[in-house]
Amino acid sequence: MLLRLSLCIGALCSLVTANASIPNITITNSTSSIYQLSSDSEFAFVLETFLSMSNGGGAATGEVLRAASQIKPGNFESFYREFKFLADQIAHQATSIDAKRFPVSAREAHLRASTYYRAADFFLHGNASDPRIQSLWVSVLDHYDAAMQLLPDPPQKVEINGGRFQLPVYFYSPPKSSQANVTGGKGNRLPTILVSTGYDGAQQDLYHAMGKEILARGWNFVTYEGPGQPQVRREQNIGFIPDWWSTVTPIVDWLRTRDDVDVDRIALEGVSFGGQLAPLAATREHRLAALVAIDGMLDLQASTLQKFSPQLRQLFRSGNATAFDAATWAAYNKLDSTQFKWGIDQGLWSFNTTSPFEWLTIMGEMAISQPMLDNITCPVFVASGEDDDLAPGQPERMARMLGDKAHYHLFKTNVGAGEHCAIGAEPQLAYATLNWLDEVFKNQTSHS
């Protein structure tokens, strides 16, 4: 799942880039160009995201469209109820199948049930003590892991010690038939793509969004979650941390001990808020062959504050935490905005705080500056979506700041790829990012 915050109504800033190597762009996305499945714009975006998982086998279009038709716009309990009903029905199908005789049917049903339990949970985080946040997550993992065991090559599931926290990791090996297509292999050692989601996504989503495409190219596919992300937040009660490299470096250490990983061809990819987290990690972790930021982001706090009212922005910058929190909660209780309410709910939950001021303050500590980008030592793919309003202009700024290290790619609206992180156009996302990575890896091989 992917983050989109639009915390107040207002025109978004236009963007015109100053670097001739980056196209001139105007962001005009006050409404999405994608057909809306709900009159509530936030529900429509989330429904679109879950529908997009059909591209990778994590959902079925008819099932999601049926749920969408029954959900009441803006009603969080309605969203929960319809997806919980759907999840239970598909879970019953999954457990009723003789998995030994029909492993493919069982696996596909388990995967869809897992996705729908994730969807049922999505709007529940306003009450951090809601027991459904934990019970639904148990179902997510149970069905996902049951599906993974039915793959011809099940992934390895491990926990890596990050010192202050444990990092849940899935390591997927490609099928033998795909490995034959890898150029410049070193015995059994293969290129390896380490991927994380962002603000509200689960690593299980990544298998559907890009995992199959990576594995089909004969590369290892590895996912993880760190503090603030679904499993670590639920099981270890830890919110997002500014030193994100502390989550990546222990995993890179572990990957370098394996005899199936080409240590010279490890790439790090981040999706959504991961488009800031991955570059943040790469400012300290210098053993990466490549970095992919989808979509590139420098400072989520800045783009979030820009969508608050001028009065709230001024109050935040005054440093008066008590007054800012009071004013934010007053707006929360007054405004009838799913985007605003979910933005606060998810922000406080994922940063593990009850204070909007603290949430935004920690977020600001994660901003990436020019000197930090100067410390990145590998080539960087910077993606931008023509219809992405999460952090307008930041992918382009990141590419300009990186200079020759950057490869900038704009995903276009007119072919259905302009949404945040090219949601729904996963094949276009794959060919652009993975073809680029293939070239980077070939160059790495020639220099080895």
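Before anything else, one term: a residue is called buried under 20% relative accessible area, exposed over 50%, and partly exposed in between. Lysine 442 has a relative accessibility of 35%, so lysine 442 counts as partly exposed. Please keep in mind that what you see here is a predicted model.

I'll stay with that lysine for a moment. Lysine 442 makes a salt bridge with aspartate 438, with 3.3 Å between the closest N and O atoms. Both residues belong to helix α18, and they are four residues apart, about one turn of the helix. Aspartate 438 comes out at 25% relative accessibility, so aspartate 438 is also in the partly exposed class.

Now the chain as a whole. The secondary structure consists of 18 helices and eight strands. The chain has 448 residues, and 59% of them count as buried. Its accessible surface is about 17100 Å², and carbon and sulfur atoms hold 50% of that. If we take the contacts with a separation of 6 or more, 74% are between residues 24 or more positions apart.

Back to salt bridges. The count for this model is 15. One of them joins aspartate 253 to arginine 287, with the closest N and O atoms 2.7 Å apart. What does this pair tie together? Aspartate 253 is in helix α9, residues 245-255, while arginine 287 is in the loop between α10 and β6, so the bridge connects parts 34 residues apart in sequence. Aspartate 253 is partly exposed, at 35% relative accessible area. Arginine 287 is partly exposed as well, at 29%.

Another salt bridge runs between aspartate 130 and arginine 132, and here the closest N and O atoms are 2.8 Å apart. Are these two residues buried or exposed? Aspartate 130 and arginine 132 are both buried. They also belong to a network with Glu77, held together by salt bridges that share partners.

Arginine 132 has a further neighbour to mention. Its charged end sits over the ring of tyrosine 80, 4.4 Å from the ring centre. A second arrangement of this kind involves arginine 233, whose charged end sits over the ring of tryptophan 349, 4.7 Å from the centre.

That brings me to the aromatic rings. Searching the whole structure gives 31 aromatic pairs. In one of these, phenylalanine 79 and phenylalanine 83 have their centres 5.2 Å apart and 40 degrees between their planes, which makes the pair tilted. Why are they about one helical turn apart? Both are in helix α3, residues 76-96, and their positions differ by four residues. Phenylalanine 79 and phenylalanine 83 are both buried.

The next pair is tryptophan 219 with phenylalanine 441. The ring centres are 5.2 Å apart and the planes are at 80 degrees, so this one is edge-to-face. How many residues lie between the two positions, counted as their separation along the chain? They are 222 residues apart, with tryptophan 219 in the loop between α7 and β4 and phenylalanine 441 in helix α18. Both of these residues are buried too.

Last, a group of rings. Phe79 and Phe83 appear again here, in one aromatic cluster with Phe43, Phe50, Phe76, Tyr116, Phe122, Phe123 and Trp342.

Key. Residues are numbered from 1 along each chain as its sequence is written. This is a predicted model: local features need pLDDT of at least 70, side-chain atom pairs count only at pLDDT 80 or more; totals for chains, interfaces and linings use all residues. Side-chain values use heavy atoms; hydrogens and water are left out. Rings of Phe, Tyr and Trp (its six-membered ring) pair if their centres lie within 6.5 Å; planes under 30 degrees apart count as stacked, over 60 as edge-to-face and the rest as tilted. Buried means under 20% relative accessible area, exposed over 50%, partly exposed in between (1.4 Å probe, protein chains only). A charge sits over a ring if NZ of Lys or CZ of Arg is within 6 Å of the ring centre and within 35 degrees of the ring normal. Contact means heavy atoms within 4.5 Å. Accessible areas come from the Shrake-Rupley method with a 1.4 Å probe; for residues, only the protein chains shown count as cover. A salt bridge is a side-chain nitrogen of Lys or Arg within 4 Å of a carboxyl oxygen of Asp or Glu.
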